[in-house]
Every structure is written in structure tokens, then in C-alpha cells.
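Grab a pencil and work through these exercises with the structure open. Try each task before you read its solution.

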Amino acid sequence: MNLRAQSIPQPSETLAALCKASGDELRLNVLRALANDSFGVLELAQIFGIGQSGMSHHLKVLAQAELVATRREGNAIFYRRALPDSQRLGGRLHTALLEEVDGLALSHDVQARIAQVQQRRAATSQDFYLKVEEKFRAQQDLIAGLPQYRESLLALLDKLSFEAGASALEVGPGDGGFLPDLARRFAQVTAMDNSPTMLELARQVCARHALNNVNLQLADALGATDVQADCVVLNMVLHHFSDPALALRLLAKRVKAGGSLLVTELCSHDQGWAREACGDLWLGFEQDDLARWANAAGLTLGDSLYVGLRNGFQIQVRHFQRATGDTHIGKF
């Protein structure tokens, strides 16, 4: 008997693991709680009022069935929903499961404990700021730098299907840290920024990585430019616009028919010091607001991921789609 062949999971085993993982009320409620947030094992244990070891067991079952994914930040591990893949075995069942789970109502006690966790996070972020106040003034990335959400953003991006010659546009690329990832996935990449200083940093990244398919432009992405792309990316940029709803509507014009807009932003928070220390005009955004503004811009909501940070902040990674054949975005 071929022992190696025995070790390869059979299709029935994969489906059985998915059904087993979803055949428990607590695990279903955990998936519901992860719909708009990500949590550590201790937070989830507190939210559902069970021991940490018990919650670890349930999370292990969910992870083995690929219903949750993990992200490590230092010694902390955060759990989030895994994105369903309809092309994989069990993918359609995974999608249907999440659709049903999202119709569940969490008990008032669970909702109250989720609120308590979020309040503790807010207090943690305030304490974090007080300890590193001077550093914040020089480096906003201490709140939510690219390394803290790159993995989640790439997970969402790699699920999308683009043709071989597809193009990408990153608005406000900062120091250019995400450009190598885009350059490997798209035939042509445009990086647009209205800051010569930041664009120079992006140029150095392009030179260091020999990114010959990246075009740097000193321009206002909301201004009169005819640049369009199959995928438009905004990483921690929207909270710097005075009118984010209008900005989304204008940036939607940069998305080609059938293309995608990816937005990475902080979730709404009450840490007012971020305005002074980091120049933020908005203290994050409500998830429903981003969806509503994108819809008004002619885009439809795709998948979303949520990344919890040890410093108490929460990141949302959102995908919005422009309809195939759509050659017109609503007036504004």
C-alpha cells in the first residue's frame, strides 16, 4: 500500500472537515463575530465566555477546515475569516455557509462583550500613543504600516482575476512599499502622488527592485487626468481627503469597466490625537459608510477582510467592483 497516497486528503475528507467545523453552534457564532472584525484567541474566549483552551480547540477546527485564517503580530495571533474560493473543493459550500451565518443574530451578552473588547482596544491605543507620542509625529506608520496589512491585502488581491495585460494604479503610494507587489501581478503599474518627496522615495524603491513596469506620476488623482486601470489601490489614503465620499466617486472613474477598487483604511475610532499627531482628517470610517459611498459611485461591494492590531486599532481591507461593460459613472 502506498503510504504517501494515504496521507493526501481525499475530496470526501475535505468536505467532511468543512461540515464538521460548521456543525457546532459556537463555531458558527465565532464566524459571525468575525464578519466585521478580527480577534485574538483570548478576546474570543472572553466574548463567548469559555476557557482559552476550549476556544483554541474550536479555532483549530475552523482553521483546519480553512474557514479562518491567522495573522501574527509579534507574539500575538489574530483570527479572521478566510476568503471562500469557488474554484476550490468546498468553495461554494464555504460561500453559502458565510451567507447563512451573516443572517444570525448574536446574543445581547455576546454583543456587549464585543463592545467591551473594542473599548479596551481604544484604551490600549491611547496608552500606546502616550508612550510613543514623539515617534508618532515623525512616523504615522506606527499606527498601521504596510507590514501589518500586506498579507491580508494580497490575499484579497490574489483572489481576483485579471487578464495577463492588466494594469494597476496606486493612489498615494507613500514610500512605494507596495509597488513591488503590484509590479509582480500587473503588466503596467502607475503610482500617482502629489508629493514630490514621497514620489522620490517610491522612485528609490523602483530602482532598488528594478521595477521597469512602474510609471511614477506627480499629479492629483482627483484632478484632470485620464489615467485608468483595471485595479485601483488606496492604502491608508482616504482619511486624508476632506470629502472622502466625493474622493471615492472621482476615483471610481479611474477604474476600468469590470475592474476593481481596493481600499485599505482604519475602522472608525475615537482617538482624536491622531489628527494632530498624524494629520488625519478622519478618524477611520464606518464599514457601512464606505460601502454606501462606493455604491453611490457606481461600484458594488466585494469581499472584505478585517485586521486587528495590538495597539488597539482595526484595519478594514475592502474590495469594490465596477460592472463589466459599465462605461459611465453617475454624476456628482
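**Exercise 1: the cavity**

Which residues line the largest cavity? Keep in mind that you're looking at a predicted model.

Solution. Start with the list: the lining is made of Ser38, Arg71, Phe78, Tyr79, Arg80, Ser152, Tyr306, Val307 and Gly308. Next, sort these residues by element: β3 (76-81) and β9 (299-308) each give two or more residues to the lining. Then sort by class, which gives 4 nonpolar, 3 polar and 2 charged residues. Last, ask about volume: the largest cavity holds about 30 Å³ of space. With 30 Å³ or more as the cut-off, the count comes to 1 cavity.

**Exercise 2: the sheet**

Work out the strand order of the open sheet and find its edges.

Solution. Trace the 7 strands across the sheet and you get β6-β5-β4-β7-β8-β10-β9, with mixed pairing. The edges are β6 (214-218) and β9, since each of them pairs on one side only. Going from one strand to the next, the twist averages 15°.

Now zoom in on one pair. Strands β4 (residues 167-171) and β7 (residues 229-235) run parallel and are joined by 4 bridges. If you want a spot to click on, Glu170 sits opposite Val233 of β7.

**Exercise 3: helices on the sheet**

Which strands do helices α12 and α13 touch?

Solution. Take α13 (residues 244-252) to begin with: this helix packs on the sheet and touches β4, β7, β8 (255-266), β9 and β10 (314-322). The direction of α13 makes about 150° with that of β8. Helix α12 (residues 196-208) also packs on the sheet, where its contacts are with β5 (188-193) and β6. Against β6, the direction of α12 makes about 170°.

**Exercise 4: a helix pair**

Are α4 and α5 roughly parallel or roughly perpendicular to each other?

Solution. Begin with the axes: those of α4 (residues 41-48) and α5 (residues 52-64) come within 9 Å and cross at roughly 110°. Angles from 65 to 115 degrees count as roughly perpendicular, so α4 and α5 are roughly perpendicular to each other.

Now look at who meets whom. From α4 come Val41, Leu42, Leu44, Ala45 and Phe48, and from α5 come Gln52, Met55, Ser56 and Leu59. Split by class, the contact has 7 nonpolar residues, 2 polar ones and no charged ones.

Technical notes. Residues are numbered from 1 along each chain as its sequence is written. This is a predicted model: local features need pLDDT of at least 70, side-chain atom pairs count only at pLDDT 80 or more; totals for chains, interfaces and linings use all residues. Side-chain values use heavy atoms; hydrogens and water are left out. On a 1 Å grid over the protein atoms alone, a cavity is a set of points where a 1.4 Å probe fits but cannot get out, and a pocket is an open set with protein on both sides within 12 Å along at least five of seven lines; lining residues have an atom within 4 Å of a point. Grid points are joined across faces, edges and corners, and a volume is the space filled by probe spheres set on the points. Ala, Val, Leu, Ile, Met, Phe, Trp, Tyr, Cys and Pro count as nonpolar, Asp, Glu, Lys and Arg as charged, and the others, Gly among them, as polar. Two strands pair if DSSP finds at least two bridges between them. Axes are lines fitted to C-alpha atoms, for helices over the stretch in contact, and angles run from 0 to 180 degrees between N-to-C directions. Contact means heavy atoms within 4.5 Å. Angles under 35 degrees count as roughly parallel, over 145 as roughly antiparallel, 65 to 115 as roughly perpendicular and the rest as oblique.
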